[in-house]
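Biologist: I should like to go through the reasons behind the terms used for this structure. Please set each value against its definition.

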Amino acid sequence: MLKKQIFLLILLIFSVTFVRGEKIDRAVIKNSEIILYQNGLSLIKDKVSADLTLEKSKIANFSLENIPKGLIFDSIYFDFSGNFKVLDKSVYDIYFDIYNYVGQEVLVKKRDEISYKKAVVLGLFSEMLNYKIEDEVFFEKLNNLNIKMENLDVKKRILVSGEILKNKNFDFRMTYLLDSINSNVNYNMFIDGQKANLDGFLIVENNSNCDFLGASVKFFIGDLAKNNEDSHMVMYSKMAGNSYQDSETKAQSFDKYFIFSLPQKLDLLKNAKKILDLVSLKNFDIQEKIEIRNEKSYISQQYYENPDEKFYADNKIEFTNKNDFDLPSGKIKVYRKEKTDFAFFGETKIDNAAKLDKVDFITGKIYGICATRKQLIYKKTDDNIYEIEWEITIQNNTSKKQNINLIERIDGDWEILNADKNQKFEKLNSKNIKFFFDVEQNSKKIIIYKFKTKI
């Protein structure tokens, strides 16, 4: 028993010695640069000051305390400008309020164990937890334990060991990725006739348990996979502002992507949200279309008429991104001017849109306009060759004349054999044909067409 106590005492002394050196608190991070990504990650460029003048040898340690929650450890990159050479870096879980549980029962499990055991907390010494399970007393490094207790405040420490090469008092850059600062884009579109205004704003939520004061914030437009963390971390740690930059929107091109630079420095406080203006587009052209789209394939078997099967029209908005920068994906709320005021007209999502890309989205269903279908001919003329004729009835129950696009799906190698000579249609691609026509109010129109296809 005496040998065991001596061994635990040696471990405790070693632990205290191991964490000597300057403790640098990162609970409040000032004047950093933050790049927000659309995949839920953010890149932090943190300027840190270290004072190792009390170190007597060239081998020194310092610790970064209260580091942000959600830091991805293997993404950390240090730039010491030749002052310090890293030999080792480690991350530890620190239970700051474990002192409040001295004498109380918690659930404890070592990393290599399967189940938790009830333990009484006896004390905390540096990185070592002193606890008792039944009548046996243990000292264990916190980093080797999982502890369960309601409202236990768990933070992390990074311990850096290395060699002092030049100055003992120096600044360095620490770059790393977080998954705890979330961002998304929302838009409001206001439609007046065939013109519209679009306001986009960025919502940033800081769940990192750290305050970022005076931060320079940028927003990266592009769908980067999370498994590319290392490559884009290095790319942006060396990023230089060049190429195109728009003075009004602060959109900047870099390589294949665009970055929005927010003009003012920001305070992003922990557990708080910020709503930031991102883009404002005024008086641009839009097209509003009514579409009835059939996505089903009826080639392989005969269709039996079902009067209850109705295809309701979609209200579709289209416009071209004529800006000199990409539009990021996000939710969009649409408002339409009705007489003297704007009324809410629907909410949906738009995808990333590059310069000159067409942006289109559906605001909702129009239940006053629907289609039903009847199969007039279904004939197999040869192996995998079919002739099919459809009769589509479009009913307009609204109070005004409507221009409607009917989009039909045709599989295989197909050609139209006959259609109404007065009926306009267009082959959109290898699988879709579009008919476009007007239907008077409270009226119906019948479209008949026949095609041959080889499957």
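Modeller: In this predicted model, F62, F78, F80, F84, F170 and F172 form one aromatic cluster.

Biologist: What makes F78 and F172 a pair, and why is the pair called edge-to-face?

Modeller: Aromatic rings pair if their centres lie within 6.5 Å, and planes over 60 degrees apart count as edge-to-face. The ring centres of F78 and F172 are 5.9 Å apart and the planes stand at 65°, so both conditions are met and the pair is edge-to-face. By this rule the count comes to 25 aromatic pairs.

Biologist: Which parts of the chain does the pair of F78 and F172 tie together?

Modeller: F78 belongs to strand β6 (residues 71-79) and F172 to strand β14 (residues 169-178), so the pair ties together parts that are 94 residues apart in sequence. Both F78 and F172 are buried.

Biologist: Why is C210 called buried, and what of C370?

Modeller: Buried means under 20% relative accessible area. C210 has a value of 1%, so C210 is buried. C370 stands at 10% relative accessibility and therefore also counts as buried.

Biologist: How many disulfides are counted?

Modeller: A disulfide requires a pair of cysteine sulfur atoms within 2.5 Å, and by this rule the count comes to zero disulfides.

Biologist: How do you know that R336 sits over the ring of F345?

Modeller: The distance limit is 6 Å from the ring centre, together with an angle within 35 degrees of the ring normal. The charged end of R336 sits over the ring of F345 at 4.0 Å from its centre. K109 lies over the face of Y116, 5.5 Å from the ring centre.

Conventions: Residues are numbered from 1 along each chain as its sequence is written. This is a predicted model: local features need pLDDT of at least 70, side-chain atom pairs count only at pLDDT 80 or more; totals for chains, interfaces and linings use all residues. Side-chain values use heavy atoms; hydrogens and water are left out. Buried means under 20% relative accessible area, exposed over 50%, partly exposed in between (1.4 Å probe, protein chains only). Rings of Phe, Tyr and Trp (its six-membered ring) pair if their centres lie within 6.5 Å; planes under 30 degrees apart count as stacked, over 60 as edge-to-face and the rest as tilted. Helices (H or I, at least four residues) and strands (E, at least two) are DSSP runs, numbered from the N terminus.
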